[in-house]
Amino acid sequence: MYLWLKDAIDRDAVVITASRRLARELQAAYAAQQLAAGVRSWVTPSISFWNDWCKRQLEAVADPLPLPIPVDDFSSSILWERCLRKHAPEDLPALSGVIRQARDAWQRLKAWNVPLADLADSARSPDEQMFAAAAADYQARLESAAWTDRDSIPRLVTGLLSNKLSSAPKAAVFAGFDRFSPAVTEVIDALTAAGCSVQTAPVPGTSHQASVAAFADHDAEMRAAGAWARHILQNDAQAKVAIISPALQSEADRTARMVREGLAPGWQYGGEGLRAAVNVSYGRKLSDFPAISSALLILRWIHHGLSTREISLLLRSKCLASQALAGRSRLELALRRLPDRAWSAGSLLRLLEGRDESADSLAWFRGMEAVIALQQDAQHAASPAYWAGRMDSLLSAWRWPGEGALTSSEFQLINRWRDLLNELARTAIVTPQLRFHEAVQRLASLAADVIFQAEADAGVVPLMGILEAAGMEFDHLWISGMHAGLWPPAGNPSSLLSRELQKEFGLPDATPADTLLFSRRVLQRLAGCAPAVVLSWPGSDGESELAASSLLDDMALDIYAGPGDPGWHATRFCGAEATAIVTDDPVPAVTADESVRGGAYTVQRQSVEPFAAFVYGRLGVRRPDAIESGIAPGVRGDIIHNALHTLFAGCPSQADVRNWDAENLEQRLGSAIDSALADHLRHADKTHMRLLGLERARLFRLLRSFVSAEIERPAYVVVDVEKCVDSAACGVRLKLRIDRIDRLADGSLLVIDYKTGRPKNLLNRDGDPLDLQLVVYADVLQETVGGLALINIDSRSISYKGTGGSVEWDVARQDEWPQRLYAWRGEVHRALREIAAGDVRINLLLTADAGRPLAILSRIEEIKRAH
């Protein structure tokens, strides 16, 4: 492959490529050629990406003083922002998008040598006029400061070569250029005039074997491409195989997964090696990587409060503070109990400090202290280099990017971030002084624009975009997505340049004819990249049928006869031929020192869904509270429970409650409510202070209604509130907490549980308990229990749902009370014995909604289908 390359290097030719990827590819290809020839060492060949070569030409000038100073892309973006802000309408919603379009239009102007005077004369629409004015302003700023940007450098190189201020190489080969812009052509002409022998790398001819294939959809197409590559490599492990996909920009991850399905069936459980078998050429925005996203959040925290959701991400990030997460996970769960708000580092530190003393929590607290310290320094203006250094120091205080050893890809990612900080420092040329929050905004904007992909091993099969394959050669190539909707692609003329101007100077996509011609040229080049080529397209996009591109009509194509769509590998485990091996791995019985979590509710779970009782009670799994903007339902319920605890902590009788006069009642209610709200008020911002104020007024009304209802009941005396009991019945250790216990007129006990959500019934239609919670409580008490009661406390009503021999709510069954309670206790004991024995049965009668929270663990839907 690349038979021309060795000859070019032997002639001392400089190879100039259209992409950095091609430059790396040619470097590797030349090294392989040298090794194959038995050469042990050699001079590194001069192979450079076009922009890098132009930049080096400026750097090689003997006397650089007359030359303008190059500004990098970051500084250029800042200049464009200033120019556009000066000329753009005040109501323009998103300037960042306009900046990207402006830079793209400017690049086209410079590459096609369009004079700014023609740009101004041709501007008709408001957008075109805005850009023309901004472009003139931008050019004036560059000239007045003796600066130049990347897009203007080729014109400088042309002048240097023409005036013999820069030495031309003996020979040059241009590789991978699908079309030469006038700016590149001018450089080529100047090189030729200076005595340089300029050539273009030979374009391979038409493939010897070209075939065409259609598949059901995109997924089937890419799985088939993976299976095709697998088939080739099994027969020839040294073959150079590649897959081209025009869908990478929008569906890179999905496309790569489909190719892996065909190339390496079962890659999901085969380790990183199988995942890396497909080398995807398209990267992601730098800001989308978790490590970079965490760093930007920390930096933004200096000037802006972070939401609970953002704090939650930082607490769970292994990129910060410590590899350990146990302590921070406890802090995160505690934070979820509070309303979502904007947390400053100081307010969050006051809330969390002292709640957990584990090493990872203490490291996190030190990180917050570093944020608070920098806030004092971040009020004044300083140089970009100063702020870049402070940012790096702050992240170091957070132990970013983590304590573990970095992989090669992670190492490259962190280096790219540090390059970003260096680029920020270099913006001093256009912004000598700025404030910290301005520096963070610029850094975040740049991170959102930069596409990062780590340079990894080539992998078994490269998956790349259409333009990335320019100039490359393969043994076998698969070109996917060849349907009429993508080929020829829609034109992409600049919206900031008039159509007349673009047509006059022949800019890319100025006319549909240009787009079609370029598409034919690219397809012809792709089809010649390998001796054997497959061109494919999906028959459907899920909504409509797709037809083959008309560009295929001009090609001599055979019908594809290779491997088809292999389907999903996982289906092999579900078919008739699949063999299920069930391992004998019983859950161990409860040990003497094991404490089962969940209290009485675990017993209730056991009676309905034993597997859930095991997961929540014995494994200790818990569902984190949802982050709520206001007061979460669970928090509201806790507030009511705490207020009722304080209100009845003195164990009053009904007569005592009846004797509370209006003033005394208001004092008692106010004290109970204020005590319940105290912790929440301590960490509330202004908005949540108002919400808690409304909640306080609601609680007054609610508890007044409750006290009135309590007065109407038959006589009682409160015996205990929030009573904690340790139980070890049937060998299962449980920690129980009973909301309230009353003594009734006959001396028996009434066990009470408060319910603050949707009203619930205690018994079903047959008179049996819907929930065994109160029965568990009754079972551990050493005195006679005369009744059980749920008290539903809701703003709409106060309702009592009870049963027993000494209560008024279930008179019809009072005589049967002892026998009924005895039978229910038997159910509790049976459930406890099942828990003790390690029961993990799955209730297949559960509805889909009821089984969904644990469906991944229980595999309930698969088991249902099997039955």
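R336 is a buried arginine in this predicted model, with a relative accessible area of 15%. That value counts as buried because the cut-off is under 20%. R336 belongs to helix α15, which covers residues 326-336. So what does the side chain of R336 find there? One of its polar atoms lies 2.6 Å from the backbone oxygen of D625. If you set aside the neighbours within four places in sequence, R336 is in contact with S312, R316, P624, D625, A626 and I627. D625 therefore turns up twice, once as a polar partner through its backbone oxygen and once in the contact list, where a distance within 4.5 Å between heavy atoms is enough.

Two other arginines are worth a look, this time for what they do with rings. R179 lies over the face of F518, 4.1 Å from the ring centre. R260 has a similar story with W267: R260 lies over the face of that ring, at 5.1 Å from the centre.

That brings us to the aromatics. How many aromatic pairs does the structure hold? The count is 23. Take W80 and Y138 as one of them: this pair is stacked, with 4.3 Å from centre to centre and 15° between the planes. W80 sits in helix α4 (residues 73-87) and Y138 in helix α7 (residues 126-144), so their pairing ties together parts that are 58 residues apart in sequence. Both W80 and Y138 are buried.

For another geometry, go to W387 and F436. Their ring centres are 5.3 Å apart and the planes make an angle of 80°, so this pair is edge-to-face. The cut-off for that label is over 60 degrees. Again two helices are involved: W387 lies in α18 (residues 384-397) and F436 in α20 (residues 436-449), so the pair ties together parts 49 residues apart in sequence. Are these two rings' residues buried or exposed? W387 counts as buried because its relative accessibility is 0%, and F436 is buried with a relative accessible area of 0%. Some aromatics also gather in a group: W50, W53, F174, F177 and F180 form one cluster.

Now for the strands. Seven of them form an open sheet with parallel pairing, and the order across the sheet is β9-β12-β8-β13-β14-β7-β15. Why do β9 and β15 have one side without a neighbour in the sheet? β9 (278-280) and β15 (558-559) stand at the edges, and each has a single partner strand, so one side of each is left open in that sense. As a reminder, strands of a sheet pair through backbone hydrogen bonds, either parallel or antiparallel.

Walk along that order and you can pick out individual pairings. Strand β8 (residues 241-244) and strand β12 (residues 461-464) run parallel and are joined by two bridges. One residue to look for is I244, whose bridge partner in β12 is M464. Further along, strand β7 (residues 209-215) pairs with strand β14 (residues 532-538) in the parallel sense over seven bridges. Here A210 has V533 of β14 as its bridge partner. β7 also pairs with β15, again in the parallel sense, over two bridges, and V212 stands opposite I559 there. As for how covered β7 is, five of its seven residues are buried.

The parallel sheet has an antiparallel counterpoint elsewhere in the chain. Strand β20 (residues 785-793) runs antiparallel to β21, and seven bridges join the two. They form a hairpin with four residues between them. G787 finds its bridge partner in β21, namely G804. Strand β21 (residues 798-804) is mostly covered, with five of its seven residues buried.

Last, the cysteines. How many disulfides does a search of the whole structure find? Zero. C651 shows how far off a partner can be: the nearest cysteine sulfur is that of C724, 14 Å away, whereas a disulfide would need two sulfurs within 2.5 Å. C651 counts as partly exposed because its relative accessibility is 28%. C529, by contrast, is buried, with a relative accessible area of 4%.

Methods: Residues numbered from 1 in each chain as written. Predicted model: local features only at pLDDT ≥ 70, side-chain atom pairs only at ≥ 80, totals over all residues. Heavy atoms only, no water. Pairing = 2+ DSSP bridges. Phe/Tyr/Trp six-rings, centres within 6.5 Å; stacked < 30°, edge-to-face > 60°. Buried < 20%, exposed > 50% of the residue type's maximum accessible area, 1.4 Å probe, protein only. Lys NZ or Arg CZ within 6 Å of the ring centre and 35° of its normal. Polar contact = N/O pair within 3.5 Å; in protein donor to acceptor, adjacent residues only side chain to side chain.
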